[in-house]
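I opened a fresh page for this entry. I wanted to look up the fold, the core and the charged pairs, in whatever order the questions came.

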Amino acid sequence: MMNKEEVKQLLEKFYAATTNEKEEMALRAYFSGGNVAEELEVEKAMFIAFLNASQHLPEALPIVPEGLEHRLERQIDRWNIIEKTVERKQRRIGLRWVVGIAASLLLLLGVGMMVQKEESTTAWSETDARDTYKDPQAAYAEASRALMKFSEKLNGGIKKMENMTNEKDNS
């Protein structure tokens, strides 16, 4: 016959799943007998419920269809492939943003350096700011000639655009 302290120790081992078959048989014998201490009555009900459940466990297991494990593995593999593909796409999209921003910054830096170089090589002085023509009539004639040439080229481009628009509308 076991005393209360031994039973408590065995119960602790049982709930921790460290008992062997002999110790479980001893607990079963103790709780099946009529000499159970009052403070262990609650434990008796739980222990007997555990034992009954474990005895009927093989009968309670559901029948697993044949090939289920293989089908589940295939489905999980498919989900993993989809997940990896989505992660790669997200990484690519993020990388595109980073590359685009870096390219923009490089472009701005290049343009800034080019402007800086151009300003330093063609620095205007007071002598450069003076009129290039001594005769105002000659300056006016040259400016008129340049503006007429610009106007002709602009009008030619506008006519070509109108022709293309008309052709497109006729099609």
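I began with aromatic rings, so I needed the rule first: rings of Phe, Tyr and Trp (its six-membered ring) pair if their centres lie within 6.5 Å, and planes over 60 degrees apart count as edge-to-face. I note here that the model is predicted.

**Entry: aromatic rings**

I looked for pairs under that rule and found 1 aromatic pair in the structure. The partners are F14 and Y15, with ring centres 5.8 Å apart. Their planes stand at 65°, so I logged the pair as edge-to-face. I then checked cover for each partner. F14 is buried, at a relative accessible area of 16%. Y15 is partly exposed, at 37%.

**Entry: overall layout**

How many helices and strands does the protein have? I counted 6 helices and 0 strands. Along the sequence the pattern reads α-α-α-α-α-α. The protein has 171 residues, and 8% of them count as buried. I looked up the exposed surface too: about 15,400 Å², with carbon and sulfur atoms supplying 60% of it. For contacts between residues at least 6 apart in sequence, I noted that 43% join residues at least 24 apart.

**Entry: confidence**

I checked pLDDT before going further into detail. The protein averages 81, and 87% of the residues score at least 70. Where is confidence lowest, and where is it highest? The lowest mean is 53, in helix α4 (residues 57-60). The highest is 89, in helix α6 (residues 136-170). Where pLDDT is low, the predicted coordinates should not be read in detail. I keep that in mind for helix α4, with its mean of 53.

**Entry: the core**

I looked up the largest nonpolar core next. It has 12 residues. From the first part of the chain I listed V7, L10, L11 and F14. Then come L27, Y30, F31, V36 and A37. L40, F47 and L51 complete the list. Which elements give two or more residues to this core? They are α1 (4-15), α2 (21-32) and α3 (41-55). The most comes from α1, with 4 residues. F14, the buried partner in the aromatic pair, belongs to this core.

I followed one core member outward. Setting aside residues up to four places away in sequence, L40 touches K4, V7, K8, L11, Y30 and F31. Of these, V7, L11, Y30 and F31 are also listed in the core.

**Entry: salt bridges**

Side chains of opposite charge can pair when their charged atoms come close. I got a count of 4 salt bridges.

K4 pairs with E39, the closest N and O atoms being 3.2 Å apart. This pair links distant parts of the chain, with K4 in helix α1 and E39 in the loop between α2 and α3, 35 residues apart. K4 is partly exposed, at 35% relative accessible area. E39 is partly exposed as well, at 46%. I also noted a salt-bridge network that links K4, K8 and E39. K4 and K8 had already turned up among the residues that L40 touches.

K13 pairs with E23, with closest N and O atoms 2.7 Å apart. K13 lies in helix α1 and E23 in helix α2, so the pair ties together parts 10 residues apart in sequence. Is each partner buried or partly exposed? K13 is partly exposed, at 32%. E23 is buried, at 18%. I looked up what else surrounds E23: leaving aside neighbours within four places in sequence, E23 is in contact with L10, K13 and T18.

R145 and E142 meet in a salt bridge at 2.6 Å, N to O. They sit 3 residues apart in helix α6, which means about one helical turn separates them. E142 is partly exposed, at 29%.

**Entry: between α1 and α2**

I stopped at A17, in the loop between α1 and α2. A17 has a positive phi of about 65° although it is not a glycine. At 65% relative accessibility, A17 counts as exposed.

Last, I looked at A26, in helix α2. A26 is partly exposed, with a relative accessible area of 27%. I checked A26 against L10: the two are 16 residues apart in sequence and 8.9 Å apart in space, C-alpha to C-alpha.

Methods: Residues are numbered from 1 along each chain as its sequence is written. This is a predicted model: local features need pLDDT of at least 70, side-chain atom pairs count only at pLDDT 80 or more; totals for chains, interfaces and linings use all residues. Side-chain values use heavy atoms; hydrogens and water are left out. Rings of Phe, Tyr and Trp (its six-membered ring) pair if their centres lie within 6.5 Å; planes under 30 degrees apart count as stacked, over 60 as edge-to-face and the rest as tilted. Buried means under 20% relative accessible area, exposed over 50%, partly exposed in between (1.4 Å probe, protein chains only). Contact means heavy atoms within 4.5 Å. Accessible areas come from the Shrake-Rupley method with a 1.4 Å probe; for residues, only the protein chains shown count as cover. pLDDT is the predictor's confidence in each residue, from 0 to 100. A nonpolar core is a set of buried Ala, Val, Leu, Ile, Met, Phe, Trp, Tyr and Cys residues joined through side-chain atoms within 4.5 Å. A salt bridge is a side-chain nitrogen of Lys or Arg within 4 Å of a carboxyl oxygen of Asp or Glu.
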